[in-house]
Amino acid sequence: MTYLAKPKLHHPTLPKNALGFTRRDYEGKVSTLCAGCGHDSISAALIQSFWELAIEPHLVAKLSGIGCSSKTPDYFLGNSHGFNTVHGRMPSVLTGANLANRDLIYIGVSGDGDSASIGLGQFAHVMRRGVNMAYILENNGVYGLTKGQFSATADAGSKSKRGAVNAEAAVDTVSLALLMGATFVARSFSGDKKQLVPLVKAAIAHQGAAFIDVISPCVAFNNHAGSTKSYDYVREHNEAVNRLDFWPNRDAITVDYSEGGVIEVPQHDGSIIKLRKLDPSYDPADRINALNHIARAAAKGEVLTGLLYVNSDAEDLHAHLNTLEVPFNQLGEKDLCPGAGMLEKINAALR
Ligand SMILES: Cc1ncc(C[n+]2csc(CCOP(=O)(O)OP(=O)(O)O)c2C)c(N)n1
Ligand code: SF4
Ligand SMILES: [Mg+2]
């Protein structure tokens, strides 16, 4: 099934974006995930975001690890670059690709096992290095692909489908991303496309490490009573701190937002995040306050969602390393291999 391409039929009345593409042009192969899996809704949100932003698919690189979640890049943006790496190692491959060619838009897709269990070290370092990417963690609290073992994001006290109680403390990926220096941190729910789509768009626009933890229920192994990652639990305990509208540029703002509590957060590329505060005490520019809020909500069993932190002045890894703007594949042999004399000079400077 994974090799099944979708039929190329486009109904003539399908709406087109500014590039003349329909949503179908941003789809991938037929999904082989279980019907109702949260991961498919996240793929749909990604398709929607890229289509609405009118991004040319060949300018996007999708990288993932291993898992049901990491299979999903096959199901969206079929005309983009893709690399399904090794379990827990997507961040280092994405970092390398990004350093070689900064002109592409990098999407990292991972699971909670992939990022918080085997890949925890890689996850932490890609955040602190500020790699320019939108990192989407499809968080279901279990290893879906290998039949539902608890992952490191399963809450202590939550029950498996067979009734076993998880005794271990959960890794909270949004807190960890904040501690590690990610400059855009959000949490959302696969069942809330209205919240997720603008978050994805804003994460794409962000210059630096952008992280979205998306609670994404596994209908096969973790959608029962006693689970804190089920559709029912998340719907009942979802506490959104804000709601977003994303505007690709200032000119696009044609509606007048007169409602109170709306703040504008300009991004480096001229795009604007419009934030409606649902919790007046929540300031997404305050990292310490974000950490406090997340910890307090977790203690009450709430799932805090929305844009939890953003640093609009963030710089990415290329700025830290002062790298060349030209992608490696556009450099000639002379630039790539400047000779023994130059190597000697570099070595001498390091002695
Ligand atoms: C090095 C290595 N160890 C273990 C596995 C087995 N394995 C494959 S997927 C997976 C867990 C996937 O869980 P998660 O990342 O949460 O993705 P999900 O399937 O839940 O979306 C494991 C342990 C593997 N493929 N490679
Ligand atoms: S096993 Fe779970 S995570 Fe995997 S496709 Fe099925 S519902 Fe989704
Ligand atoms: Mg998982």
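**Exercise 1.** In this predicted model, state in which loop Glu315 is found, and decide whether Glu315 is buried or exposed.

*Solution.* Begin with the position along the chain: Glu315 is found in the loop that runs between strand 13 (303–310) and helix 10 (317–321). Next, take the relative accessibility of Glu315, which is 51%. Since exposed means over 50% relative accessible area, Glu315 counts as exposed. Then turn to the surroundings: once its neighbours within four places in sequence are left aside, Glu315 is in contact with Gly130, Gln207 and His320. Finally, consider Asn84, which is 231 residues apart from Glu315 in sequence and 27 Å apart from Glu315 in space, C-alpha to C-alpha.

**Exercise 2.** Identify the residues that coordinate the magnesium ion (ligand 3), and work out whether Asn140 is buried or exposed.

*Solution.* The magnesium ion (ligand 3) is coordinated by Asp112 through OD, by Asn140 through OD1 and by Val142 through O, at 2.1 to 2.2 Å. Along the chain, these donors follow the spacing D-x27-N-x1-V. For the accessibility step, recall that buried means under 20% relative accessible area. Asn140 has a relative accessible area of 4% and is therefore buried, and Val142, at 4% relative accessibility, counts as buried too.

**Exercise 3.** Describe the shell around ligand 2 by dividing its residues into nonpolar, polar and charged.

*Solution.* First list the residues: ligand 2 is surrounded by Leu33, Cys34, Cys37, His39, Cys68, Asn140, Gly144, Cys218, Val219, Ala220 and Phe221. Sorting this shell gives 8 nonpolar residues, 3 polar residues and no charged ones. Asn140 belongs to the shell around ligand 2 and also coordinates the magnesium ion (ligand 3).

How values were computed: Residues are numbered from 1 along each chain as its sequence is written. Chains are lettered from A and ligands numbered from 1 in the order in which they are written. This is a predicted model: local features need pLDDT of at least 70, side-chain atom pairs count only at pLDDT 80 or more; totals for chains, interfaces and linings use all residues. Side-chain values use heavy atoms; hydrogens and water are left out. A residue is near a molecule or strand if one of its heavy atoms lies within 4 Å of it. Ala, Val, Leu, Ile, Met, Phe, Trp, Tyr, Cys and Pro count as nonpolar, Asp, Glu, Lys and Arg as charged, and the others, Gly among them, as polar. Donors are N, O and S atoms within 2.8 Å of the metal (3.2 Å for Na, K and Ca); water is not among the atoms, so sites may look incomplete. Buried means under 20% relative accessible area, exposed over 50%, partly exposed in between (1.4 Å probe, protein chains only). Helices (H or I, at least four residues) and strands (E, at least two) are DSSP runs, numbered from the N terminus. Contact means heavy atoms within 4.5 Å.
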